[in-house]
Amino acid sequence: MTDLAAGDLASIYPKPSERVIAKARPSLDAHSRKFIEMSPFCVLATSGSDGSVDASPRGGTPGFVHVAGANSLLMPDRSGNNRIDSFRNIVEGSGLLQLIFFVPGIDETLRVGGRGTLSNDPELMASMVEFGKSPRAVLRIEVTEAYFHCGKALMRSKLWSAEPVERKVMPSIGEVIHDQTGLGERESQEAIYERYKTQL
């Protein structure tokens with residue numbers, strides 16, 4: 001088996017259609033704004049100064065990422081594991097990032113590219129109280145590209161229509177981390193959920 005080189009790709013994949021190229025927009029239009037306002041979940045991808053890449057899930061109530069303008073998004077940062085890989089990449093690297101927004105029940109996703117900066121402006125954070133708490137920081141995103149991605153991946157996976165997996169078939173995250181590291185206590189899924197609720 002040989003690895004493909006750049007020149008091999010053209011012989012395997014035809015050029016994208018004019019329509020596929022044209023759908024990438026330099027700003028947020030009415031459709032992308034509405035999608036973001038409906039979205040309770042997205043994935044944030046960043047790259048570090050050393051070339052490393054990080055992809056991090058982000059979520060909140062629908063519209064937790066605020067549309068501040070045709071080329072501006074604001075994402076409040078909620079409590080998490082404090083690794084801050086994404087934020088370290090943004091402040092130490094190029095600041096370039098990509099987002100994929102999901103809306104439950106809709107197979108298409110929205111991809112947004114741009115450049116991020118971080119702010120802890122008190123006024124800005126006070127305007128983004130959720131679950132009774134202010135964010136610890138706010139990610140400002142200068143949007144340079146936005147386009148809707150076809151729903152084939154979600155349709156193939158049956159992400160929204162598949163029968164949910166029973167929780168008991170997979171250990172809780174507390175149990176997994178205990179087994180992997182020997183650190184901390186084994187926690188049931190119920191105990192973890194109760195603890196997370198207090199941190200929201």
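A salt bridge, as the term is used here, is a side-chain nitrogen of Lys or Arg within 4 Å of a carboxyl oxygen of Asp or Glu. With that in hand, let's walk through this predicted model, starting with its charged pairs and then turning to helix α3.

**Charged pairs**

The structure holds 5 salt bridges. One of them links aspartate 77 to arginine 58, with the closest N and O atoms 3.2 Å apart. Aspartate 77 belongs to strand β4 and arginine 58 to strand β2 (residues 53–59), so this pair ties together parts that are 19 residues apart in sequence. Are these two partners buried or exposed? Buried means under 20% relative accessible area. Aspartate 77 has 11% relative accessibility and therefore counts as buried; arginine 58, at 14%, counts as buried too.

Two other salt bridges can be set beside that one:

| Acidic residue | Basic residue | N to O distance |
|---|---|---|
| Aspartate 77 | Arginine 58 | 3.2 Å |
| Aspartate 85 | Arginine 83 | 2.7 Å |
| Glutamate 166 | Lysine 168 | 3.4 Å |

In the pair formed by aspartate 85 and arginine 83, the acid is partly exposed at 24% relative accessibility, while arginine 83 is exposed at 53%. Lysine 168, the partner of glutamate 166, is exposed as well, with a relative accessible area of 72%. Shared partners also matter for the picture: through them, salt bridges join Arg58, Asp77 and Arg136 into one network.

**Helix α3**

Now for the helix that spans residues 30–38. Which residues of α3 are buried? They are Ser32, Phe35 and Ile36. Around the helix axis these residues cover an arc of only 95 degrees, which puts them on the same side of α3. A general point about helices helps here: an α-helix has 3.6 residues a turn, so residues three or four places apart point the same way.

What do the buried residues of α3 pack against? Their contacts are with strands β3 (66–69), β4 (72–77), β5 (96–102), β6 (109–119) and β7 (137–149). Strand β4 is thus a link between the two parts of this report, because aspartate 77 of the salt bridge with arginine 58 lies in it. On the face turned away from the buried side, α3 carries the exposed residues Ala30 and Lys34.

Finally, have a look at where the helix begins. Aspartate 29 caps the N-terminal end of α3, placing a side-chain oxygen 3.2 Å from the backbone nitrogen of histidine 31.

How values were computed
Residues are numbered from 1 along each chain as its sequence is written. This is a predicted model: local features need pLDDT of at least 70, side-chain atom pairs count only at pLDDT 80 or more; totals for chains, interfaces and linings use all residues. Side-chain values use heavy atoms; hydrogens and water are left out. Buried means under 20% relative accessible area, exposed over 50%, partly exposed in between (1.4 Å probe, protein chains only). Helices (H or I, at least four residues) and strands (E, at least two) are DSSP runs, numbered from the N terminus. The arc is that of the directions from the helix axis to the C-beta atoms. Contact means heavy atoms within 4.5 Å. A polar contact is a pair of N or O atoms within 3.5 Å; within protein, one must be able to donate a hydrogen and the other to accept it, and residues adjacent in sequence count only if both atoms are side-chain atoms.
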